[in-house]
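Subject: Handing over a structure

Dear colleague,

I am passing on the structure that we spoke about, and I would be glad if you could look through it with the notes that follow.

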Amino acid sequence: MENNLTYSRNGDYLIPDLTITEPTESIGKYGRMRKNYLKEHRPVLYSSLLLSEKLYPHLLEIERTATARLERTMPELMRSAGVTESLKASDPMRWVGLMNSLKAQAEETILTELIYS
C-alpha cells in the first residue's frame, strides 16, 4: 500500500504533513448534532472520517437529508392533526402548540434514524 504523505523533521522525529481542507459550506443544526454524536460516542469513526476528509461531506449529507425529511414530514403530520391556516387565524396559541408538538415528533424520528445511528 502506497501512501502519498510527506513528512517534516522535528528533532529526531518525522511528523506527517497533514492538512484538513476547510468546508466550503457551513453545516446546520443536524450536521452539528451528528458531529457531536460521532465525536462523543463513535470516536474511531469520527477520526477515520476526519482524517480521510469525508467528515464534512458526511455532515452536509446528513444535514440535507434531515432537512428534506422534516420538510416532507411536517405537511403530512399537519394534515393528520388538522392543523390549518384557519386554526392559525382563529386560535394562534393552539396552532403554535400543535406545530411545536408536530415538529418535535418529526425531529424525534430524524434523530433516531439519521443522527444517532
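At what angle do α1 and α3 pack, and how far apart are their axes? Before the answer, a word on the source: this is a predicted model, in which local features need pLDDT of at least 70 and side-chain atom pairs count only at pLDDT 80 or more, while totals for chains, interfaces and linings use all residues. Residues are numbered from 1 along each chain as its sequence is written, and side-chain values use heavy atoms, with hydrogens and water left out.

The angle between α1 and α3 is about 130°, and their axes lie 7 Å apart; here axes are lines fitted to C-alpha atoms, for helices over the stretch in contact, and angles run from 0 to 180 degrees between N-to-C directions. Helices (H or I, at least four residues) and strands (E, at least two) are DSSP runs, numbered from the N terminus. The angle makes α1 oblique to α3, a word used for what remains when angles under 35 degrees count as roughly parallel, over 145 as roughly antiparallel and 65 to 115 as roughly perpendicular. The crossing of these two helices, α1 and α3, is right-handed, meaning that the near helix is turned clockwise from the far one by less than a right angle. On the α1 side the contact (heavy atoms within 4.5 Å) is made by K29, Y30, G31, R34, K35 and L38, and on the α3 side by L55, Y56, H58, L59, I62, E63, A66, T67 and L70. Sorted by class, the contact of α1 with α3 has eight nonpolar, three polar and four charged residues, where Ala, Val, Leu, Ile, Met, Phe, Trp, Tyr, Cys and Pro count as nonpolar, Asp, Glu, Lys and Arg as charged, and the others, Gly among them, as polar.

Within this picture, K35 belongs to helix α1, residues 29–41, and counts as buried because its relative accessibility is 18% (buried means under 20% relative accessible area, exposed over 50% and partly exposed in between, with a 1.4 Å probe and protein chains only). Apart from its neighbours within four places in sequence, K35 is in contact with Y46, Y56 and L59.

A second helix pair is formed by α3 (residues 55–81) and α5 (residues 92–115), which pack at an angle of about 140° with their axes 9 Å apart. That angle makes α3 oblique to α5, and α3 passes α5 in a right-handed crossing. Among the residues making this contact are I62, A66 and L70 of α3 and L102, A106 and I110 of α5, and the contact of α3 with α5 divides into 13 nonpolar, three polar and four charged residues.

Two residues of α5 deserve a note of their own. L111 lies in helix α5, and its C-alpha is 8.3 Å from that of Y30, although the two are 81 residues apart in sequence. T109, also found in α5, is partly exposed, with a relative accessible area of 37%.

Finally, strand β1 (residues 7–10) and strand β2 (residues 13–16) run antiparallel and are joined by four bridges, where pairing requires that DSSP finds at least two bridges between two strands. In this pair R9 stands opposite L14 and N10 stands opposite Y13. The two strands form a hairpin with two residues between them, and G11 in the turn has a positive phi of about 70°.

With kind regards
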